[in-house]
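Trainee: I'm new to this one, so could you walk me through it? Let's have it on screen before we start.

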Amino acid sequence: MAASSKRARKSAQKASEAATSLRSNPYVQRLIEDDELRDNLRDAVEAARDAYARIANGKGPAKAIIEDKKVHKDLRTAAESLREASDQLRGKRRKSRLGRLILIALIGAAIALVLSEDIRKALLDKLFGAEEEFEYASTTSPAPETAATKS
């Protein structure tokens with residue numbers, strides 16, 4: 001009995017040391033603290049599980065991988081979630097390039113409007129319709145003078 005309690009104490013001490021070393025690991029800390037990271041990992045596992053279930057449905061894995069669009073979608077989702085989780089673990093945040101692209105496009109459009117009269121005219125024509133250029137010519141003849149106006 002004494003031998004088994006010694007082994008139990010040694011195992012408990014090793015488990016305690018392992019837990020202590022895990023707590024100091026920055027990756028484990030980030031996994032504990034970051035909700036978004038856990039969500040990405042959960043999404044990846046669920047998508048991979050769904051893809052595996054569709055592949056193992058009896059049609060044959062090769063046919064399912066090649067032809068099944070849902071398997072493609074699940075595998076793509078799993079890969080994207082794992083990529084995002086990997087970036088988050090390494091401390092990289094995915095920067096939204098769409099916002100930067102929109103900002104650059106707006107600045108470029110504003111500069112083009114300021115510098116080019118043709119672009120301004122084209123934009124105004126699109127917004128308010130083309131300007132009609134015409135010369136005014138009266139279609140009525142002058143009123144004849146009457147006797148009442150002469151007096």
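Mentor: Let's start with Arg54: at 29% relative accessibility, Arg54 counts as partly exposed, since that class lies between buried (under 20% relative accessible area) and exposed (over 50%), using a 1.4 Å probe and protein chains only. Keep in mind that this is a predicted model, where local features need pLDDT of at least 70, side-chain atom pairs count only at pLDDT 80 or more, and totals for chains, interfaces and linings use all residues. Residues are numbered from 1 along each chain as its sequence is written, and side-chain values use heavy atoms, with hydrogens and water left out.

Trainee: Which side chain does Arg54 meet in a salt bridge?

Mentor: Side chains of opposite charge can pair when their charged atoms come close. A salt bridge here is a side-chain nitrogen of Lys or Arg within 4 Å of a carboxyl oxygen of Asp or Glu. For Arg54, the N to O distance is 2.8 Å, and the partner is Asp68.

Trainee: Where do the two partners, Arg54 and Asp68, sit in the chain?

Mentor: The pair links distant parts of the chain, 14 residues apart. Helices are DSSP runs of H or I with at least four residues, numbered from the N terminus. Arg54 is in helix α3, while Asp68 is in the loop between α4 (61-67) and α5 (69-89).

Trainee: Is Asp68 buried or exposed?

Mentor: Its relative accessible area is the number to check, and for Asp68 that is 14%. Because this is under 20%, Asp68 counts as buried.

Trainee: Which end of α5 does Asp68 cap?

Mentor: Look for a polar contact, meaning a pair of N or O atoms within 3.5 Å; within protein, one must be able to donate a hydrogen and the other to accept it, and residues adjacent in sequence count only if both atoms are side-chain atoms. A side-chain oxygen of Asp68 lies 3.1 Å from the backbone nitrogen of Lys70. That makes Asp68 a cap on the N-terminal end.

Trainee: What do the buried residues of α5 pack against?

Mentor: The buried residues in α5 include Val71, Asp74, Ala78 and Ser81. Contact means heavy atoms within 4.5 Å. The buried residues of α5 pack against α2 (26-33), α3 and α4.

Trainee: How far apart are the end C-alpha atoms of α5?

Mentor: The expected span of a helix is 1.5 Å times one less than its number of residues. With 21 residues, α5 should span 30 Å, and the model agrees, because its end C-alpha atoms are 30 Å apart.

Trainee: Back in α3, which residue forms a salt bridge with Asp35?

Mentor: Asp35 is partly exposed at 47% relative accessibility. Its partner lies in helix α3 (residues 35-55) too, 3 residues apart, about one turn of the helix. The closest N and O atoms are 2.1 Å apart, and the partner is Arg38.

Trainee: What about Asp39: which residue is its salt-bridge partner?

Mentor: Asp39 is partly exposed at 36% relative accessibility. Both partners lie in α3, 3 residues apart. The closest N and O atoms are 2.8 Å apart, and the partner is Arg42.

Trainee: Which residue caps the N-terminal end of α7?

Mentor: Helix α7 (residues 117-128) has 12 residues. The capping side-chain oxygen lies 3.3 Å from the backbone nitrogen of Ile119, and it belongs to Ser116.

Technical notes:
Helix = DSSP H or I, 4+ residues; strand = E, 2+ residues; numbered from the N terminus.
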